[in-house]
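Thank you all for making the time this morning. I would like to take you through one structure, a piece at a time, and I will try to keep each statement close to what the coordinates support.

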Amino acid sequence: MRHTRTRSFPVLMLTLAFFAGIIYFIVNLVINSSVWVSKPYNGHLSDSSGLEYAGKIIDRNGIILAKSEDGKRIYNEDEITRCACLHVVGDDSVNISTAVQTLYRSELSAYDFSFGLGIPNEMKEGKDIHITIDSNVQRAAYEALGDRKGACVVYNYKTGEIICLVSTPSYDPMDIPKDLDTNDVYEGAYINRAVSASYPPGSTFKLVTAAAALENDPELEHLEYDCTGSTKIGDKDINCFEISGHIDMKDAIKTSCNAYFAELAILLGRDKMTAQAERMGFNKSWKFDGIETITNTYNVSSANDNNFAWSGVGQYTVLESPINMAIRSSAIANDGVPVIPKLIQSIDKTFSGSLAPVPERSEANRMMSSETAEKLKEMMDYTVKNYYGNDNFSDELDVCAKTGTAEVSDDGLSHGWVTGFTKDEDCPLAFAVVVEHGNSGFYAAVPVASAALTAAAASLR
Ligand SMILES: [Zn+2]
């Protein structure tokens, strides 16, 4: 009898574990099936299946970017619009992992819990998805990027609505190039560089170093320095693009003095620099509307002094995505608190899935004090008014900005960056642009930002 009990105990435990597993699976199936079904590993979605009767994707002005007709997926009639919106809308495949047609395929294609994807055709009624982007602004940014690789993000820093999310290179989803996977022109074409790529941020990172200083001691705003064009830190020189002479922090932002911010990083030390970088989105990623962005990197734990000094001007191994740069600019515009972007405006009909909550200002995300934000805003405003020229961005909008020209480890030309925001109450936009190997933030990235902001002002006002 005792033997039987000893043996029956493991059997009982196994049986319980089995039923617990079944219950766990069923609960997960009910909760997650509509998400699982649209994942790239679902072989049933490897071609256009699921899109034959799918709902429309519609931009903020009611322009149809994708729809299904006679069992076929059709994209906007304008080729430039199709290319400009590819990374947001997607194509028939699921290669672009952050696209609406990949992330929301089950909603678009009327996935049904009882029938799965095998729902009878006569019962299929996919949901329409309204997205926040403006296809006119998409086109303007896409054309300004031209045949260069890069990305442009513009979003409303009050509501979180993404107005522009362009990545190049792109391709026409209705006429997919035969050499897409072999021609260097299309290198990384499936990647939405705005959210899934990261680059050295270069001088745009001086805003992070400045924030680290001001958060620790607001008086550092008045820290003065004599720039002679270079300074020796550790065993090597940190060189500037120009000799700035006698400057304070505001002028160091204006002339983008490397020596000033390299010395400032050394003065602050690794812990304070790392803490501020992490408050401003580094060593983490963002999630919104099903999109998970690439992780931004700031790690100086094994840097020597010279390397650490370079990290203060956004070099060394510092890496940042365009979307993060736009988010931290939104925090400067918003008294220190960023607004998380959003792409999905609404999903028609009886949508029962879980949407990301409406973006809101959350103190938990605060990146800096409102005093620090105000000072950085003044410095970026001063830089545009006295160095870049506001008319190089817009004739109508009041722009605050910082450019960056980030050296790359290979022999290629530097990446060109610009980030900033508008001060206009009726058109509150945060933005970031990167042009790979553009060689200059001012000459390569500013014209792209200008094209997008000008189109956004025309469209939103
Ligand atoms: Zn300098």
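Let me begin at a turn: strand 5 and strand 6 form a hairpin with five residues between them, and within that turn Gly160 has a positive phi of about 85 degrees. Please keep in mind throughout that this is a predicted model.

The two arms of that hairpin, strand 5 at residues 150-156 and strand 6 at residues 162-168, pair in the antiparallel sense over six bridges. To give you some register for the pairing, Val154 has Cys164 as its bridge partner in strand 6, and Cys152 stands opposite Val166 in that strand. Strand 5 is also joined to strand 16, residues 429-435, by seven bridges, and these two strands again run antiparallel; here the bridge partner of Asn156 is Leu429.

If we now step back to the sheet that holds these strands, we find an open sheet of five strands in the order 6-5-16-15-14, with antiparallel pairing. Its edges are strand 6 and strand 14, the latter covering 399-406, and each of them pairs on one side only. From one strand to the next, the twist averages 5 degrees.

How many of the seven residues of strand 5 are buried? The count is seven of the seven, so strand 5 is largely enclosed by the rest of the structure. It may help to recall that side chains in a regular strand alternate between the two faces of the sheet. In strand 5, Gly150, Cys152, Val154 and Asn156 point one way, while Ala151, Val153 and Tyr155 point the other way, and all are buried.

Next I would like to turn to helix 5. This helix is mostly covered, with 10 of its 11 residues buried, and among those buried residues are Arg139, Gln138 and Tyr142. The cover over the buried residues of helix 5 includes strand 5, strand 6 and strand 16, which we have just met, together with strand 2, helix 2 and helix 14. Just after the helix ends, Gly146 takes a positive phi of about 60 degrees.

Of those neighbours, helix 14 deserves a closer description. Helix 5, residues 135-145, and helix 14, residues 441-460, pack at an angle of about 160 degrees with their axes 8 Å apart. Angles over 145 degrees count as roughly antiparallel, and the two helices are therefore roughly antiparallel to each other. Helix 5 passes helix 14 in a right-handed crossing. On the helix 5 side, the contact uses Asn136, Val137, Ala140, Ala141, Ala144 and Leu145, which meet Pro447, Val448, Ala451, Ala452, Ala455, Ala456 and Ser459 in helix 14. Sorted by class, that contact has 11 nonpolar, two polar and no charged residues.

There is a second helix pair to set beside this one. Helix 7, residues 206-216, and helix 9, residues 258-268, pack at an angle of about 40 degrees, and their axes are 10 Å apart. That angle makes helix 7 oblique to helix 9, and helix 7 passes helix 9 in a left-handed crossing. The residues that meet are Lys206, Thr209, Ala212, Ala213 and Asn216 from helix 7, and Phe261, Leu264, Ala265 and Leu268 from helix 9. By class, this contact has six nonpolar, two polar and one charged residues.

Let me pause on one residue of helix 7, namely Thr209. Why does Thr209 count as buried? A residue is buried if 20 or more other C-beta atoms lie within 10 Å of its own, and Thr209 counts as buried because it has 27 C-beta neighbours inside 10 Å. Leaving aside residues up to four places away in sequence, Thr209 touches Phe261, Leu264, Ala265, Met273 and Gly312. The C-alpha atoms of Thr209 and Ala262 are separated by 8.9 Å, although these residues are 53 residues apart along the chain.

Finally, I come to another sheet. This is an open sheet of five strands in the order 3-2-1-4-13, and its pairing is mixed. Strand 3, at 72-75, and strand 13, at 344-347, stand at the edges with a single partner strand each, so one side of each is left without a neighbour in the sheet. Within this sheet, strand 1 at residues 57-58 and strand 4 at residues 129-131 pair in the parallel sense over two bridges, and Ile58 has His130 as its bridge partner in strand 4. Helix 2, residues 79-89, lies across strand 1, strand 2, strand 3 and strand 4, running at about 75 degrees to strand 2.

Key: Residues are numbered from 1 along each chain as its sequence is written. This is a predicted model: local features need pLDDT of at least 70, side-chain atom pairs count only at pLDDT 80 or more; totals for chains, interfaces and linings use all residues. Two strands pair if DSSP finds at least two bridges between them. Helices (H or I, at least four residues) and strands (E, at least two) are DSSP runs, numbered from the N terminus. Two residues are in contact if their C-beta atoms, placed from the backbone, lie within 7 Å. Axes are lines fitted to C-alpha atoms, for helices over the stretch in contact, and angles run from 0 to 180 degrees between N-to-C directions. Angles under 35 degrees count as roughly parallel, over 145 as roughly antiparallel, 65 to 115 as roughly perpendicular and the rest as oblique. A crossing is left-handed if the near helix is turned anticlockwise from the far one by less than a right angle, and right-handed if clockwise. Ala, Val, Leu, Ile, Met, Phe, Trp, Tyr, Cys and Pro count as nonpolar, Asp, Glu, Lys and Arg as charged, and the others, Gly among them, as polar. A residue is buried if 20 or more other C-beta atoms lie within 10 Å of its own, exposed if 12 or fewer, and partly exposed in between; C-beta atoms are placed from the backbone.
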